[in-house]
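Grab a pencil and work through the exercises below, one step at a time. Try each task before you read its solution.

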Amino acid sequence: MKIQESAENYLETILVLQRRLGMVRSIDIVNELSFSKPSVSVAMKNLRQNGYVNMDGAGYLTLTEKGMEIAQSVYEKHRLLSAWLCALGVDEKTASEDACRMEHVISAESFAAIRRHAQQMEARLKEGKNDAHS
């Protein structure tokens with residue numbers, strides 16, 4: 001399912017804020033992304049109309065099932081790509097900024113290969129630590 005990069009960023013931000021704050025309102029997104037209130041309001045309206053988020057009577061936002069699916073996918077890419085870049089020696093701020101751009105354009109095939117590689121490296125590191133303690 002392909003949606004605009006900006007929509008992916010909003011969905012990822014809602015997910016991150018839900019994990020951090022529990023409940024999310026549009027003003028939380030304004031503060032997190034430093035966007036204007038009208039811009040966030042229009043984006044939330046579009047996300048609601050397209051079935052990615054719901055808003056209750058008190059103004060709290062929740063991700064729908066399809067919104068959550070996209071948000072989790074983008075967030076997983078961001079976390080893994082950012083960690084991968086840091087492991088290669090990129091400073092944390094640059095790695096996070098680069099990961100934010102990469103997460104929207106990387107193919108499923110390339111990301112799956114990076115994920116497999118990262119898992120293999122992690123397993124090798126764990127094996128090495130277990131061998132050292134034997």
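In these exercises, two residues touch, or are in contact, when they have heavy atoms within 4.5 Å. Keep in mind that you're looking at a predicted model.

**Exercise 1. Which residues does Ala99 touch, leaving out residues up to four places away in sequence?**

Step 1: Find Ala99 in helix H5, which covers residues 92-102.
Step 2: Look for its contacts, and you should get His78, Leu81, Ser82 and Leu85.
Step 3: Check the burial. Buried means under 20% relative accessible area, and Ala99 has 0%, so it is buried.
Step 4: Try a distance as well: Ala99 and Tyr75 are 24 residues apart in sequence, and their C-alpha atoms are 10.0 Å apart in space.

**Exercise 2. Is Ser82 buried or exposed?**

Step 1: Go to helix H4, where Ser82 has its place.
Step 2: Read off the relative accessible area of Ser82, 11%. The cut-off for buried is under 20%, so Ser82 is buried.
Step 3: List what Ser82 touches, again skipping residues up to four places away in sequence: Ala95, Ser96 and Ala99.

**Exercise 3. What stands out about the phi of Ser34?**

Step 1: Start with the general rule: most residues other than glycine have a negative phi.
Step 2: Now look at Ser34, which isn't a glycine and yet has a positive phi of about 55 degrees.
Step 3: Place Ser34 in the loop between H2 and H3.
Step 4: Residues over 50% relative accessible area count as exposed, and Ser34, at 64%, is therefore exposed.
Step 5: For another positive phi, visit Gly22, which follows H1 and has a phi near 90 degrees.

**Exercise 4. How do H1 and H4 pack?**

Step 1: Get to know H1 (residues 5-21): its 17 residues reach 24 Å from the first C-alpha to the last, close to the 24 Å expected.
Step 2: Take the angle between H1 and H4, about 85 degrees, with the axes 8 Å apart. Angles of 65 to 115 degrees count as roughly perpendicular, so H1 is roughly perpendicular to H4.
Step 3: Pick out who makes the contact: H1 brings residues including Glu8, Leu11 and Leu15, while H4 brings residues including Met68, Ile70 and Tyr75.
Step 4: Sort the contact by class, and you'll find 8 nonpolar, 4 polar and 3 charged residues.

**Exercise 5. Which residues have the most contacts inside the largest nonpolar core?**

Step 1: Collect the core, which has 22 residues; Tyr10, Leu11, Ile29, Met44, Leu47 and Leu63 have the most contacts inside it.
Step 2: See where the core comes from: H1, H2, H3, E3 and H4 each supply at least two residues, and H1 gives the most, with 6.
Step 3: Zoom in on Tyr10. Beyond residues up to four places away in sequence, Tyr10 touches several others, among them Ile29, Phe35, Met44 and Leu47.
Step 4: Spot a second, separate core of 6 residues, which includes Leu80, Leu81, Ala99 and Phe111.

**Exercise 6. How many helices and strands are there in the protein?**

Step 1: Count 6 helices and 3 strands.
Step 2: Put them in sequence order, which gives α-β-α-α-β-β-α-α-α.
Step 3: Finish with the whole protein: the C-alpha trace spans about 60 × 30 × 30 Å along its principal axes, and 32% of the 134 residues count as buried.

Definitions and conventions: Residues are numbered from 1 along each chain as its sequence is written. This is a predicted model: local features need pLDDT of at least 70, side-chain atom pairs count only at pLDDT 80 or more; totals for chains, interfaces and linings use all residues. Side-chain values use heavy atoms; hydrogens and water are left out. Helices (H or I, at least four residues) and strands (E, at least two) are DSSP runs, numbered from the N terminus. The expected span of a helix is 1.5 Å times one less than its number of residues. A nonpolar core is a set of buried Ala, Val, Leu, Ile, Met, Phe, Trp, Tyr and Cys residues joined through side-chain atoms within 4.5 Å. Buried means under 20% relative accessible area, exposed over 50%, partly exposed in between (1.4 Å probe, protein chains only). Axes are lines fitted to C-alpha atoms, for helices over the stretch in contact, and angles run from 0 to 180 degrees between N-to-C directions. Angles under 35 degrees count as roughly parallel, over 145 as roughly antiparallel, 65 to 115 as roughly perpendicular and the rest as oblique. Ala, Val, Leu, Ile, Met, Phe, Trp, Tyr, Cys and Pro count as nonpolar, Asp, Glu, Lys and Arg as charged, and the others, Gly among them, as polar.
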